[in-house]
Amino acid sequence: MQVKVRLFASLRETAGSSDILLELPAGSTAEDAWDGLVRDVPAIAPRRTSLAASVNRRYARFDTALHDGDEVVFIPPVSGG
């Protein structure tokens, strides 16, 4: 199946792209999407502990099952002033 991963802020800067298409096996989870992303962009691996995930514009746990065509977003912490 294919999922679209959208990246924002520092993740986008590190990856050099705001959208990445991943091919994943059926039954994959948001965690599997993260692992696939790390294979493509190893420099983001240390960021995992501070991220939230979203699947199809809804906050989701990393064990959420994905389906073909889903949109996954990994959300870095936000600070403001």
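# Strand pairing and salt bridges

Q: Which residue in β5 is the bridge partner of Leu7?
A: In this predicted model, Leu7 lies on the covered face of β1. β1 and β5 run parallel and are joined by four bridges. Across this pairing, the bridge partner of Leu7 in β5 is Phe74.

Q: Which residues make up the uncovered face of β1?
A: Side chains alternate between the two faces of the sheet in a regular strand. In β1, the covered face holds Val3, Val5 and Leu7. The uncovered face is made of Gln2, Lys4 and Arg6.

Q: In what order do the five strands of the open sheet stand?
A: The pairing in this sheet is mixed: β1 runs parallel to β5, whereas β3 and β5 run antiparallel. β1 and β2 also run antiparallel. The order is β2-β1-β5-β3-β4.

Q: Which strands stand at the edges, each with a single partner strand?
A: The sheet is open, with the order β2-β1-β5-β3-β4. A strand with a single partner has one side left without a neighbour in the sheet, so it stands at an edge. Neighbouring strands are turned by 30 degrees against each other on average, direction ignored. The edge strands are β2 (19–23) and β4 (58–60).

Q: Which residue of β2 is the bridge partner of Gln2?
A: Gln2 belongs to the uncovered face of β1. Five bridges join β1 to the antiparallel strand β2. In β2, Gln2 is paired with Glu23.

Q: Which residue in β5 stands opposite Val55?
A: Strand β3 covers residues 52–55 and strand β5 residues 71–75. These two strands run antiparallel, with four bridges between them. Opposite Val55, in β5, stands Val72.

Q: Which strands does helix α2 touch where it packs on the sheet?
A: Helix α2 spans residues 30–40, and its direction makes about 110 degrees with that of β2. One of the strands it touches, β5, is mostly covered, with four of its five residues buried. The strands in contact with α2 are β1 (2–7), β2 and β5.

Q: How many residues apart are Glu71 and Arg6, the pair that links distant parts of the chain?
A: Their side chains meet in a salt bridge, with 3.9 Å from N to O. Glu71 is in strand β5 and Arg6 in strand β1. The separation along the chain is 65 residues.

Q: Is Glu71 buried or exposed?
A: Residues under 20% relative accessible area are buried, and those over 50% are exposed. Arg6, a salt-bridge partner of Glu71, has 25% and is therefore partly exposed. Glu71 has 15%, so it counts as buried.

Q: Which residues do shared salt-bridge partners join into one network?
A: Glu71 also forms a salt bridge with Arg57, the closest N and O atoms being 3.8 Å apart. Arg57 lies in the loop between β3 and β4, 14 residues from Glu71, and at 69% relative accessibility it counts as exposed. Through shared partners, one network joins Arg6, Asp19, Arg57 and Glu71.

Q: How far apart are the closest N and O atoms in the salt bridge of Arg48 with Glu31?
A: Arg48 counts as partly exposed at 24% relative accessibility, and Glu31 is likewise partly exposed at 24%. A salt bridge requires the nitrogen to be within 4 Å of the carboxyl oxygen. For Arg48 and Glu31, the closest N and O atoms are separated by 2.7 Å.

How values were computed:
Residues numbered from 1 in each chain as written. Predicted model: local features only at pLDDT ≥ 70, side-chain atom pairs only at ≥ 80, totals over all residues. Heavy atoms only, no water. Pairing = 2+ DSSP bridges. Axes fitted to C-alpha atoms, helices over the stretch in contact; angles between N-to-C directions. Contact = heavy atoms within 4.5 Å. Buried < 20%, exposed > 50% of the residue type's maximum accessible area, 1.4 Å probe, protein only.
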